[in-house]
Amino acid sequence: MSKLVPVLALLLLSKALSAFDEEERRSIDIDRRSLVFSSQEAFEKSREFIRRDSTYYIGWMYQGAYLNDRANDEKGFVQAIKPLQKALDLIERDYDKQLRTRTNDYIGYLGVSYLHNDYSIIANWLAGAYQNIENAQAAYDVLMRVKQRDMQYEYSVDSWNTLAWIYHRNRMYTSEKFPFLLNSVAENDSVAYDCLDSAIAKTQRDLEICNGLFDASVFNARYYFTYHYKVILFTYDFELDSADYYYDILLQSGYYSSNNYANYMYMKGEFSIAEQFYLEAENRDYSTEKHTREYYYMRGLLEVNRATPQRADSLLKVVINKDGQTPGYGWHNIALARAQSYEGLTTISQRTLNGAARFEELHIGTTWGEEQYNLSVAMLNYVNQLHFESEYYFENNQWYFWLNPVNWYKAIEFKVRVHHFKLILVSLVASNPERAAVLYPLFSSENLLSWDESWQMLDGFSDKYFIDVYEKMLEDDPRPGVKNYIKFVLAKLYISRGDEDVGLVYLEEIYAELSNERMDFDNMLYARTCEAIALISDGDLKQEWLNEAYNTFPQMIPYSNEKLKFNVTVDGEAYEPTTTELIGRAAIGILLTTIVLAVLYGFARKYFRFRHKAKWVYIPATSITIAMIILILINIGNRSKLSLEKQIMLSLAECNVGFTDDSSAPTADFKFVESDSSLTVEYIVIDSDDRVVNEGSYTVDESKPNLAGIVLAYRMFKIDISYNTTVDAVDVNGETPEAEAAEN
């Protein structure tokens, strides 16, 4: 009998402790009833709950909820994962039987439903946090745990649909990175489709047991949730009939994503409808959860298509300033950099892009991932390098350009830079397993480049291969709104190959259709088409096509490396530079060239041991040098007599701008206004359709009249940039000290 006493004592103590625990948990349950998960009070209470009973999941759940709500970066989500994982483990340990309960009895279900609800919330937050730090395997494991319990109503976690999302979002990876994946994009997406079929089957099975417990509309909504994911997959696979079918159901029910439907319309080339739904997405987005707001990025693309990049610039700056460095910040900066690049603000664009490249973006609530992000950065890096090169030639268009050895060096430097960034771009495209399904088709659902960037990406690849690809695409693509864009790519490919006549046929087809009926969002295509025809035309015809491109998208012209002619007036009088004004600058170029050639001759003579007398080289070189020095000195003397206005206009004339008295050309009128302290240039630029392209004023730095001329030349093309010093390319890893540019 004495041996049983300790055992009985332990049993009684255990029972008493268990009763105490149950009482403590009931008390915690009462205290939690009015708590809001994201509130500071809830966080403070969570620590109290953990002190009172650290084995109860409630305290860990509230702590994880608070941390998850405030997480903006990887560190924040990692901090949230720890308590959420603890909460999931504890609720499974203590209430596994209840979580697996499936019943049609109202009282019986009422006794477990709060546990089902808590469990689904914890699992949803935890799986989401793992996805946000790109740990898809851990998110998959959490969802498999939920799926094993087969709850009759999963509330917020939605296991099968979320599994489909995870498979699709990580489709480009293989089991080498995440063991749950298969080994190709097609296989992974096939599993995603299977998951959605399983979601439908589970909803039907759950409906049978939940009949009478829930309103029928609750379970109908679960079908709509699955359809939401189905249209994502059908859109990705270009199954437009199926996508249309399910979108019709979703639109009629009201259970649709405005952003996703806008993306679908954008993909089909229905840009005006896309814009309406992007605006609706912004108005409907009341969520406080962190996520990538795709609609801002996509509206930036639409504005570039509309040839109004300045509107995209304004929109995205507001968004970036408002949201700060939260998820989406990097994408918004990429979109802003694109807008600035098309505005002609290349230096500013590169700085913005550098910021995006350095930012550790979290791709939350989107299928957009690291691969698309890196490709977008690389594409704009490449485009900006092309722009830096074009700007140098635009600003230095003297007839004696190649007589200056400095320009030889700059030309080589630009070629090396462009080639370097092209190689980076090529390597990213070549390593992308989705390039044929996503990158080559214009406006595909996961292609986040503009169509204009897409054809520049292909430039220099195999023209024959891509001609075959796009000829087939033109024949098979089911999207009427995209046909002209495919034709444009084909035209550029044929022209690049040397078949200008074939390319011209496609361009004329595009022009004929757009001239007849053109939506605003086709403006850039129209301008690019006119520009492309100009590039393969000559004389007056070239000018006519350049005028037409200028009338639609003036910022584009300086990067075409073609000279557009203007009617220029200064203080009401026609202006055209004279040859004598340019002699001094030509003399500098000839002098430098002569000196360099003489030095090179000296080295060559020593190395190759020339036998002729050196005087036959050095005497003419010396004579040329003396003559050029005299010309330079005369020019300096004359230049000091030139008014500041004439020096500015001379600098403008040395940019890649033509002068004409043709009334059909654009007009630029400059008026110099002097005050006691400064000289201001008032300007107005009018296109050949008598519409104002640009107007404003510019205060001249009188110590740098040559830079004032460059500024005015850019403003003739609606590129509103101010230069404080010489402009140079910004390095992709930082900023060039010499480059100081700022928008007005």
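In the next few minutes I will go through a predicted model of one protein chain, starting with the overall picture and then turning to a few local features.

Let me begin with the chain as a whole, whose secondary structure comes to 29 helices and eight strands. Of its 744 residues, 55% count as buried, and if we take the contacts in the chain with a separation of 6 or more, residues 24 or more positions apart account for 66% of them.

The first element I would like you to look at is helix α11, which covers residues 258-268. Eleven of its eleven residues are buried, so this helix is largely enclosed by the rest of the structure. The buried residues include a run of aromatic side chains at Tyr261, Tyr264 and Tyr266, and Lys268 is buried as well. As for what lies over them, the cover includes α9 (216-236) and α10 (240-253), together with α12 (271-284) and α13 (294-305). Just after α11 comes Gly269, which takes a positive phi of about 85°.

Now let us move along to a pair of helices, α16 and α17, the latter spanning residues 370-395. Their axes come within 10 Å and cross at roughly 160°, and because the angle is over 145 degrees, α16 counts as roughly antiparallel to α17. The crossing of these two helices is left-handed. On the α16 side, the residues that meet α17 include Thr346, Ser349, Gln350 and Leu353, while among their counterparts in α17 are Tyr373, Leu380, Asn381 and Phe388. Sorted by class, this contact has seven nonpolar, eight polar and one charged residues.

Within that contact, which residue joins its side chain to that of Asn381 through a polar contact of 2.8 Å? The residue is Gln350, which has its place in helix α16, residues 346-358. Is Gln350 buried or exposed? Gln350 is buried, with a relative accessible area of 0%, and therefore falls under the 20% limit for that class.

I will finish with a residue in a loop, namely Pro480, which lies between α21 (463-476) and α22 (483-497). Here the relative accessible area is 68%, so Pro480 is exposed, the cut-off for that class being over 50%. The C-alpha atom of Pro480 is separated by 9.3 Å from that of Glu270, although the two residues are 210 residues apart along the chain.

Conventions
Residues numbered from 1 in each chain as written. Predicted model: local features only at pLDDT ≥ 70, side-chain atom pairs only at ≥ 80, totals over all residues. Heavy atoms only, no water. Helix = DSSP H or I, 4+ residues; strand = E, 2+ residues; numbered from the N terminus. Buried < 20%, exposed > 50% of the residue type's maximum accessible area, 1.4 Å probe, protein only. Polar contact = N/O pair within 3.5 Å; in protein donor to acceptor, adjacent residues only side chain to side chain. Axes fitted to C-alpha atoms, helices over the stretch in contact; angles between N-to-C directions. Parallel < 35°, antiparallel > 145°, perpendicular 65-115°, else oblique. Left-handed = near helix turned anticlockwise from the far one by under 90°. Contact = heavy atoms within 4.5 Å. Nonpolar A, V, L, I, M, F, W, Y, C, P; charged D, E, K, R; others polar.
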